[in-house]
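Reader: Please show me the model, and let us then examine on what grounds its descriptive terms rest.

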Amino acid sequence: MEITTSDLGLVARVAQLSKSYGSGATEVTALRDVSIGIRKGEFTAIMGPSGSGKSTLMHIMAGLDTPTSGRVWIGNTDISGLGDTELTMIRRRRVGFVFQAFNLVPTLDIEGNILLPFELDGRRPSPQERAWIDELVDSLGLRDRLRHRPHELSGGQQQRVAIARALGSRPELVFADEPTGNLDSRTGREVLSLLASATRSAGQSIAMVTHDPVAASYADRILFLADGAVVEDRGRSSAAEISSFMLEMEQAV
Amino acid sequence: MSSFSVREHVPSILVATLSSTFGVALLQGTDALATMIAADSTFGSSAAVAVALASVALVFIAIATYVGAVVTANTFSTIIAGRTRTIALLRLIGASARGQRAAVAREGLVVGVIGAAIGALLGTAATAGILGVASLAGVVPWLQYSFLEPVLAVPVVGVVLTTWIASWVGSRRVLTVSPMQAIGASHERSADSVAHRRGRNAAALVLVIIGVLLLGLGILAGLVSPAGVLIGVVGGMLSFTGVVLGAQVIMPRALRLVGRVLGGSASARLAAENAVRYPERSTRTTIGIVIGVTLITMFAVAGGTFQALFDRLLSGEEGAAEASATIDAVVAIFSVLIGFSALIAAVGLVNNLSLSVLQRTRELGLLRALGFTARQLRGMITAEGAQLTAAAVLVGLVLGFFYGWAGAQSLLALVTGSPSFVVPVVPPLLIVLLVMGAAVVTVVASIAPSRRATRVSPVTALAVE
């Protein structure tokens, strides 16, 4: 019998994953033979310069894109062969997202945005879920913003709403794609602390894609990608250590 | 620098073509009718008949051209919304806002000229074709029909001018684009500014109040003399102008009301919000259909009421059947003529829904990422189309019913001998046709946008520029 993802203490993993776009002379390989696992209850950063394939890796792990070859699991579900509707259900029920920008639906108020994953599923939050969302709303300082529309909030507040939405349904894994890319450094640090504390206090597994060493320094584990392959896997590091590793990588090329 | 793209302007050219075709063909048709009447010796003053026919035709042409202009203004304002970044970039490198707006208006002029010219050719071809076939078949006499009356300039020039003005009105937003929007993270505008509309709304309210008072006066006068209907006509025109002017206040409310009926699912709720997201845009999208449905309903209700009354009074008497057939024919002709305006309005609705989906790619991508199925997305867009059409048809039905009854009441209160209440009759066929029409418009309007929306890949939609 095959070893499952959860047997390994993982919440998601990919095996021999490759992804290429186009064909023939214009073929571009974004990922080549990547095999990694995201550990349960950890805040993992996926780092790399632009063009390293880190965003593609996240998109495939999150069921937003499909692999060219290899296998992908969310929990114990192999999602590599799933169709559009099944992938949609995976995204809706089992993962959460925080994007760099345009995270929120402009026509819904803040509460509507936070509850959107439940709405999409056609259900109301259970009393326990309700209590958890209330806790999130309070700890993220959104209580008096619930009736506002996204455009009435600052960029940092909008990211907090996105975090509340991503954590609200207690998904197996939250994907954060450059969550501080559009924020000033102070607001960015606040957002990173919030993500880190979601892992520490609530055991939320998070995978964050970033090219910013400061952002990655908040993570428990850092995976480095270059040219579509994982080149380094290390534990918690300081921003300076991460920066110097990135520089070494550059110079090695 | 010219950013004229034919593809972008196809819907506006189509609208201008439809208006111009309709105007040219209708005037040529009425002129042919006048020629036939003049050739028939039993009629005396043929010149007066020709003028009367042309006048009636011009009223219908004015309605169609007005609806076309509203649609075009809306299309332009939606196109401008999509061009914000380009305009901001041009502003950044030194283009003036006024110059940018004038450039857009020039595009409008080109659209108007192209549409009017194609329409003049198509309209003439249609009239010539119909007259030719009808003459060959012996339905109409073989006469020397003229296709180049000076009056034809009215619809052709009218379409050019109204399209030009419409593009100017629709391009107002160019003035609000800031050069800063070209750089940095510009957030999508969330809503049209509805400020500075007080004057317009006040005027609309005054018109509606005076109009309704006159309608009431017409109904009272109708208890004494059928001439009361003349007061009512003035009242109807004033109040309806007020309604069109104040549509900005009325339509979003109607849309909200209909939106509530759609249900509580996520896609229905989002659709309901989307339909009122840009109140100005939705109002312009729906008002053309409101005008069409109001007028058709008014004629149908007045005609139906008329007929029911005559059936009762003249049952069994000679001529009852003929009177009834005449009323039917008049209502049918008027409905077809107004139906043309409704068709133009429907083109506007289809176009608006497509453009708004095109401009929402990123948001649709987000919804897909968060777990909206392709099916839910399609449902959402269809619901948006349904909401726009249903709100327009409902408002039109209510207004048309009221006007139709008011007209019948002031004209026919004395028909039975003593002043009495005239029971309004809603022809069931009208309801059936309107519901079917609304359904067809909704489906047609939703097909292309929902196909496009479901093809949106969340990854590309969310990619940061």
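Author: The following exchange concerns chain B of this predicted model.

Reader: What makes the overall dimensions of chain B agree with those of a compact globule?

Author: For 465 residues, a compact globule would have a radius of gyration near 23 Å; chain B has 25 Å, and therefore the two agree. The rule behind the expected value is 2.2 Å times the number of residues to the power 0.38. Along its principal axes, the C-alpha trace spans about 80 × 50 × 40 Å.

Reader: How do you know what share of chain B is buried?

Author: A residue counts as buried if 20 or more other C-beta atoms lie within 10 Å of its own. By that criterion, 49% of the 465 residues of chain B are buried.

Reader: What is the secondary structure of chain B, in helices and strands?

Author: Chain B comprises 15 helices and zero strands. The spans under the UniProt annotation "domain: ABC3 transporter permease C-terminal", from an unreviewed entry, are residues 59-179 and 336-458 of chain B. Residues 59-179 are 75% helix and 0% strand, with end C-alpha atoms 44 Å apart. Residues 336-458 are 82% helix and 0% strand, and their end C-alpha atoms lie 45 Å apart.

Reader: Which domains is chain B divided into, and how do you know that they are in contact?

Author: The assignment gives domain 1 (1-182) and domain 2 (246-465) of chain B. Their centres, taken over C-alpha atoms, are separated by 23 Å. Two residues are in contact if their C-beta atoms lie within 7 Å; on that basis, 20 residues of domain 1 of chain B are in contact with 20 residues of domain 2 of chain B. On the domain 1 side, helix 1 (6-39) and helix 2 (46-82) of chain B each give two or more residues, and helix 2 gives the most, with 14 residues. By class, this side of domain 1 has 13 nonpolar, seven polar and no charged residues.

Reader: How many residues of chain B are in contact with chain A, and which elements supply them?

Author: Under the 7 Å limit between C-beta atoms, 24 residues of chain B are in contact with 25 residues of chain A. Helix 9 (266-275), helix 12 (361-370) and helix 15 (458-462) of chain B are the elements that give two or more residues to this side. The largest share, six residues, comes from helix 12 of chain B. By class, the side of chain B that touches chain A has 13 nonpolar, six polar and five charged residues.

Notes:
Residues are numbered from 1 along each chain as its sequence is written. Chains are lettered from A and ligands numbered from 1 in the order in which they are written. This is a predicted model: local features need pLDDT of at least 70, side-chain atom pairs count only at pLDDT 80 or more; totals for chains, interfaces and linings use all residues. Helices (H or I, at least four residues) and strands (E, at least two) are DSSP runs, numbered from the N terminus. A residue is buried if 20 or more other C-beta atoms lie within 10 Å of its own, exposed if 12 or fewer, and partly exposed in between; C-beta atoms are placed from the backbone. Ala, Val, Leu, Ile, Met, Phe, Trp, Tyr, Cys and Pro count as nonpolar, Asp, Glu, Lys and Arg as charged, and the others, Gly among them, as polar. UniProt positions are given in the numbering used here, feature names are shortened, and annotations may be inferred rather than shown by experiment. Domain bounds come from an automatic or database domain assignment.
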